[in-house]
Amino acid sequence: MSKLLQLHDFGALNAASFDELRSGVSGCSSKGGAGKTSCGSAAGPSDLPPDVWEKVKNHPCYSEQAHHHFARMHVAVAPACNIQCNYCNRKYDCANESRPGVVSEKLTPEQAARKVVAVASTIPQMTVLGIAGPGDALANPAKTFKTFELVTETAPDIKLCLSTNGLMLPDYVEQIAAMNVDHVTITINMIDPEIGAQIYPWIFYDHRRITGVEASKILSERQLLGLEMLTARGILVKVNSVMIPGINDKHLIEVNKAVKSRGAFLHNIMPLISEAEHGTAFGLSGQRGPTAQELKALQDDCEGEMNMMRHCRQCRADAVGLLGEDRSAEFTTEKVMAMDVEYDLAGRQAYQAKVEAERDAIAVAKQRELAKLADKTATIKIQVAIATKGGGVINEHFGHAHEFQIYEVSTAGAKFVGHRRVDLYCEGGYASDTGIEPILKALNDCTAVLVAKIGLCPKDSLAGAGIEAVETYAFEYIEQSVIAYFKDYLERVDNSEIRHIARGDAAIRQGAFTEA
């Protein structure tokens with residue numbers, strides 16, 4: 001059996017916040033956080049009721065802190081779907097493609113349960129099992145709930161999640177609650193059926209295929225009813241929305257208000273992935289996705305209404321590992337069946353205890369550094385990119401990074417605002433064929449990139465684009481380092497050593513994504 005990995009081997013998930021429970025707790029309201037970002041994905045134990053904190057503290061999708069330390073896995077047991085989205089093509093399969101609806105293997109519930117135990121025994125930071133397709137979890141209810149039943153019997157400490165388009169959700173809320181599924185994601189892209197008709201060609205409901213505005217009206221009503229039913233039972237709900245410029249981008253502010261009013265804990269606005277190579281209707285029609293700053297602006301606008309998730313990686317339906325990585329190739333059915341699986345609950349608990357100590361240290365370091373900014377009154381805000389393998393530490397070589405985490409920093413502190421996927425700059429010791437240009441486009445809105453190490457050539461290229469490459473904080477905590485860099489940046493501006501220049505927009509990576 002593979003060895004248990006240690007804390008420094010893993011990265012983290014930044015999770016999104018949840019909530020404000022419906023129990024009328026002061027500070028975090030029962031209606032989506034009352035706009036309090038302190039109760040959002042960056043929330044800590046002092047921000048949330050104890051029962052909610054227990055549900056989110058090691059869930060990489062619900063807690064920004066957790067996403068640096070804990071992993072998730074998806075099992076592809078739900079191939080059927082009951083709606084068609086113009087941004088989805090479930091027939092597409094590529095081992096190196098990272099986006100929803102893509103899988104390499106479909107599993108039976110029995111195969112899935114064995115895979116969960118194998119992964120959890122090998123990767124102690126894997127805390128969450130999700131069923132997200134490649135179709136819809138509730139269009140395949142027998143397979144979905146059988147998988148949950150088998151996993152609960154063998155790995156009772158694993159959190160159970162499901163993702164759904166919401167069409168059949170009201171019919172299964174009681175079963176979801178009975179199986180102790182504490183986390184449900186609903187994809188809600190509209191509350192106006194006229195807009196929905198531009199996103200959904202058809203739904204299959206009540207034994208018939210329905211198209212146009214009628215289809216979207218039924219879908220929206222069922223989604224919102226299911227959301228209300230879940231939150232009434234204390235189940236944490238994350239709402240996913242795909243930002244489609246020119247179709248629903250402005251409308252998502254109304255969606256945000258609607259889901260908040262119905263008790264959603266978190267809203268995750270994701271960029272449309274629409275390359276023609278994916279074979280989707282939007283991809284073939286030339287519908288573009290948002291730029292980085294368009295996405296951030298919409299998220300910022302909605303954050304005043306409720307808690308926002310910004311660390312979503314739009315995972316494959318069979319993803320394994322930390323957010324931003326996929327280790328599913330290590331756990332194919334053939335490999336899992338050959339593994340000598342021993343579920344080490346004690347080892348998993350010891351790992352999680354170690355993470356709690358590490359999180360405490362990170363929080364203390366951040367506050368210590370933030371205190372040094374107390375006398376600063378600058379209105380400047382900048383974005384800083386981070387190369388990291390996880391663990392909340394700057395521990396990745398620039399050339400080996402397949403994504404950069406983006407922080408916005410001001411005198412108020414550092415705030416995670418997104419990530420940028422990139423193809424590797426360095427492959428086999430040589431610069432990639434595409435060179436550094438795609439990375440420069442991805443980081444164009446950043447003032448600096450903090451790395452563990454970087455070569456002279458890419459460092460010069462970054463400097464030429466106005467981006468400072470910094471190795472000073474190698475292997476230090478991310479937020480502490482971002483704040484320290486910003487303090488130094490302000491001092492250099494004050495001393496006229498450098499001039500603060502507003503950055504431009506940046507590109508969100510589309511197309512095939514090559515894993516490290």
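At what angle do helix 4 and helix 6 pack, and how far apart are their axes? In this predicted model, helix 4 (169–178) and helix 6 (residues 212–232) pack at about 20 degrees, with a separation of 8 Å between their axes. Because angles under 35 degrees count as roughly parallel, helix 4 is described as roughly parallel to helix 6. Their crossing is right-handed. On the side of helix 4, the contact is formed by Leu169, Pro170, Asp171, Val173 and Ile176; helix 6 contributes Arg222, Leu225, Gly226, Leu227, Met229 and Leu230. Sorted by class, this contact comprises 8 nonpolar, 1 polar and 2 charged residues.

Helix 4 also takes part in the surroundings of helix 3. The buried residues of helix 3 are covered by elements that include helix 2 (109–122), strand 3 (126–131), strand 4 (159–164) and helix 4. Those buried residues are Thr144, Phe145, Thr147, Phe148, Leu150 and Val151. An α-helix has 3.6 residues a turn, so residues three or four places apart point the same way. The length of helix 3 can be checked as well: its 14 residues (residues 141–154), at 1.5 Å a residue, should span 20 Å, and the end C-alpha atoms are indeed 20 Å apart.

A further helix pair lies later in the chain. The axes of helix 7 (residues 252–261) and helix 9 (residues 292–303) cross at roughly 35 degrees and come within 10 Å. This crossing, too, is right-handed. Here Leu252, Ile253 and Asn256 of helix 7 meet Leu298, Asp301 and Cys302 of helix 9, a contact of 4 nonpolar, 1 polar and 1 charged residues.

Key
Residues numbered from 1 in each chain as written. Predicted model: local features only at pLDDT ≥ 70, side-chain atom pairs only at ≥ 80, totals over all residues. Heavy atoms only, no water. Helix = DSSP H or I, 4+ residues; strand = E, 2+ residues; numbered from the N terminus. Expected span 1.5 Å × (residues − 1). Buried < 20%, exposed > 50% of the residue type's maximum accessible area, 1.4 Å probe, protein only. Contact = heavy atoms within 4.5 Å. Axes fitted to C-alpha atoms, helices over the stretch in contact; angles between N-to-C directions. Parallel < 35°, antiparallel > 145°, perpendicular 65-115°, else oblique. Left-handed = near helix turned anticlockwise from the far one by under 90°. Nonpolar A, V, L, I, M, F, W, Y, C, P; charged D, E, K, R; others polar.
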